[in-house]
Amino acid sequence: MPRYEYRCRPCGTTFELSRPMAESAAPATCPSGHEDTVKLLSTVAVAGTASAQASAPAAAGGGGGCCGGGCCG
């Protein structure tokens, strides 16, 4: 179930709620009981191969573009 992050306007508390996507726009009450909250835009962490590719050694013969592939004399 997705987690959504909210901020309470009266007290400034930031909190998270797990709820179905169908309820993502529903009002949320902060842990202190305030109902004036706003849903925050959260960043998504994506784990992948970008760091692995960056640390991998280059293929023999350069490989890529005019100035990286050996076509510039």
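A residue counts as exposed when its relative accessible area is over 50%, as buried when it is under 20%, and as partly exposed in between. Keep those cut-offs in mind for the views below.

**Figure 1. The whole protein, a predicted model with 2 helices and 3 strands.** Follow the chain from its start and you meet the elements in the order β-β-β-α-α. Buried residues make up just 14% of the 73 residues here. About 5,600 Å² of the protein is exposed, and carbon and sulfur atoms supply 56% of that area. Now look at contacts between residues with a separation of 6 or more: 27% of them join residues 24 or more positions apart.

**Figure 2. How sure the predictor is, from helix H1 to strand E3.** Across the protein, the mean pLDDT is 79, and 59% of the residues reach 70 or more. Where is confidence highest, and where is it lowest? The top spot goes to strand E3 (residues 37-39), with a mean of 95. Helix H1 (residues 50-55) sits at the other end, with a mean of 55, so read pLDDT as what it is, the predictor's confidence in each residue.

**Figure 3. The largest pocket, with about 180 Å³ of space.** Ten residues is a handy number to remember here, as 10 residues line the pocket. Those nearest the pocket's centre are Arg 3, Tyr 4, Glu 5, Leu 40 and Ser 42. Which strand gives the largest share of the lining? That is strand E1 (residues 3-8), which brings 3 residues. Sorted by class, the lining has 5 nonpolar, 4 charged and 1 polar residue.

**Figure 4. Pro 10, in the loop between strands E1 and E2.** Is Pro 10 buried or exposed? Its relative accessibility is 51%, so Pro 10 counts as exposed, because the cut-off is over 50%. Being exposed doesn't leave Pro 10 without partners: beyond its neighbours within four places in sequence, Pro 10 is in contact with His 34 and Asp 36. You can also find Ser 32 from here, 22 residues away in sequence, with 9.9 Å between the two C-alpha atoms.

**Figure 5. Asp 36, in the loop between E2 and E3.** Here is that contact from the other side. Setting aside neighbours within four places in sequence, Asp 36 is in contact with Arg 7, Cys 8, Arg 9 and Pro 10. Arg 7 is 29 residues away in sequence, yet the C-alpha atoms of Asp 36 and Arg 7 are 8.7 Å apart. With a relative accessibility of 38%, Asp 36 counts as partly exposed.

**Figure 6. Gly 33, also placed in the loop between E2 and E3.** How does Gly 33 score for accessibility, and what does that make it? The value is 43%, so Gly 33 counts as partly exposed. To get a feel for the fold, pick out Cys 8: Gly 33 and Cys 8 are 25 residues apart along the chain, and their C-alpha atoms are separated by 9.5 Å.

**Figure 7. Lys 39, a residue of strand E3.** Which residues does Lys 39 touch, leaving aside its neighbours within four places in sequence? They are Tyr 4, Glu 5, Tyr 6 and Ser 24. Two of these names, Tyr 4 and Glu 5, you have already met close to the centre of the largest pocket. Ala 28 is 11 residues from Lys 39 along the chain, with 8.3 Å between their C-alpha atoms. The relative accessible area of Lys 39 is 38%, so Lys 39 is partly exposed.

Note on methods. Residues numbered from 1 in each chain as written. Predicted model: local features only at pLDDT ≥ 70, side-chain atom pairs only at ≥ 80, totals over all residues. Heavy atoms only, no water. Helix = DSSP H or I, 4+ residues; strand = E, 2+ residues; numbered from the N terminus. Buried < 20%, exposed > 50% of the residue type's maximum accessible area, 1.4 Å probe, protein only. Contact = heavy atoms within 4.5 Å. Areas by Shrake-Rupley, 256 points an atom, 1.4 Å probe, with all protein chains shown as cover. pLDDT = per-residue confidence, 0-100. 1 Å grid on protein atoms, 1.4 Å probe; cavity = no way out; pocket = protein on both sides within 12 Å on 5 of 7 lines; lining within 4 Å. Points joined across faces, edges and corners; volume = space filled by probe spheres on them. Nonpolar A, V, L, I, M, F, W, Y, C, P; charged D, E, K, R; others polar.
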